[in-house]
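Good morning, everyone, and thank you for making time for this. Please have the sequence and the model open in front of you, and we will go through them together.

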Amino acid sequence: MQTQPSNQLEAPENLTAGGGSLQPDTIARGVFLVAALAVVGTLFWMAFVVARDALPAISKFGLGFLVNSTWDPVVEEFGGLTFVFGTVASSAIAMLLAVPVGLGIAIFLTEDFLPEWVLTPIAFMVELLAAIPSVVYGLWGIFVMIPIVRAVETFLNQTLGWIQIGGKSIFGVPYGPGLLTAGILLAIMILPTIASISRDVLRAIPRSLRNGSLALGATRWETIFRVLLPAASSGVVGACILGLGRALGETMAVTMVIGNTPQIDTSIFAPAYTIAALLANEFAEANTPVHIGALFFAALLLFVITLLVNVVAELIVRRVSLERN
């Protein structure tokens, strides 16, 4: 007598098939895809809105906006060169100051120079700098940093004022509010980003890499500079680019200490103006289509500069990763 095969073995297959129901991994994949497309869509939407509102200025000034240094709302003559200069120059000063210090802090916090119970509070205090509002940085810069920087500028002017470019001194007349002050303040603001991310990258390097280098006879500093930093180079570059992105877009603190003077000067002490400060100061006063369009054109320039910085950083990270592999 033949018995019918049991259908109990088919139950798991039926359960996994689900009768056409969606699987959890399919749902998660769909949610993540929608989230990623939403981010990309928001980016293009923002670029479209800014470019659309900048059309009056784009149609009137064209690419001449990039090389014109005049900004006169009365006669509706606008150029963004001085603001691009202020943005790039202040961010460059900030990076020159913040990258060595931030990387040094990261090395100090990961290479057992002090006991863990001492390093932990130091790391916490460094990261706490990122939680301070930018307006507080600006107020501190006005009342504390500017007098100190003015004294330093006076000393540098008296001792190194003879260094010139194009007949003008690099260390010119001491102002107080200016490029150097803004650069130092930006360096303090981006320092937690560079230091904390670089520290995490260095901590992620396997301990065996350190021990192997030391076992082969390398000193601690040779291990740091010839083994650890090359291994962490892509992450360190990413940390620096994140810091640079914040420096390029910082508004309130820079507005309060840079002097807000649209000019290009060889002296790093001279007042300047950034694109972000321009947008914060003049949007409430703009009342003509060309003036508003010029402000949106400047915002579009800042958007493009930030995008180019990130693209270049991605290319550098990929090249470093390929060379290392």
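I will begin with the annotated domain, then turn to the nonpolar cores, and end with the largest pocket.

Please keep in mind throughout that this is a predicted model. The UniProt record, which is an unreviewed entry, carries the annotation "domain: ABC transmembrane type-1" over residues 84–313. Across that stretch the chain is 74% helix and 2% strand, and its end C-alpha atoms are 20 Å apart.

Now to the cores. The largest nonpolar core has 45 residues, and those with the most contacts inside it are Leu185, Ile190 and Leu202. Among the elements that give two or more residues to this core are helix H4 (81–110), helix H6 (134–160), helix H9 (220–231) and helix H11 (252–257), while the largest share, ten residues, comes from H7. If we leave aside residues up to four places away in sequence, Leu185 touches Tyr137, Gly138, Trp140, Met145, Ala253 and Val257. Apart from this core lies another one, of 24 residues, which includes Phe65, Trp71, Phe83 and Leu302.

Finally, which residues line the largest pocket? They are Met95, Val237, Cys240, Ile241, Leu244, Val309, Val312, Ala313 and Ile316, and they divide into nine nonpolar, no polar and no charged. Helix H10 (233–249) and helix H13 (289–324) each supply at least two residues of that lining, and H10 and H13 also each give two or more residues to the largest nonpolar core. The volume of this pocket is about 150 Å³.

Methods:
Residues are numbered from 1 along each chain as its sequence is written. This is a predicted model: local features need pLDDT of at least 70, side-chain atom pairs count only at pLDDT 80 or more; totals for chains, interfaces and linings use all residues. Side-chain values use heavy atoms; hydrogens and water are left out. On a 1 Å grid over the protein atoms alone, a cavity is a set of points where a 1.4 Å probe fits but cannot get out, and a pocket is an open set with protein on both sides within 12 Å along at least five of seven lines; lining residues have an atom within 4 Å of a point. Grid points are joined across faces, edges and corners, and a volume is the space filled by probe spheres set on the points. Helices (H or I, at least four residues) and strands (E, at least two) are DSSP runs, numbered from the N terminus. Ala, Val, Leu, Ile, Met, Phe, Trp, Tyr, Cys and Pro count as nonpolar, Asp, Glu, Lys and Arg as charged, and the others, Gly among them, as polar. A nonpolar core is a set of buried Ala, Val, Leu, Ile, Met, Phe, Trp, Tyr and Cys residues joined through side-chain atoms within 4.5 Å. Buried means under 20% relative accessible area, exposed over 50%, partly exposed in between (1.4 Å probe, protein chains only). Contact means heavy atoms within 4.5 Å. UniProt positions are given in the numbering used here, feature names are shortened, and annotations may be inferred rather than shown by experiment.
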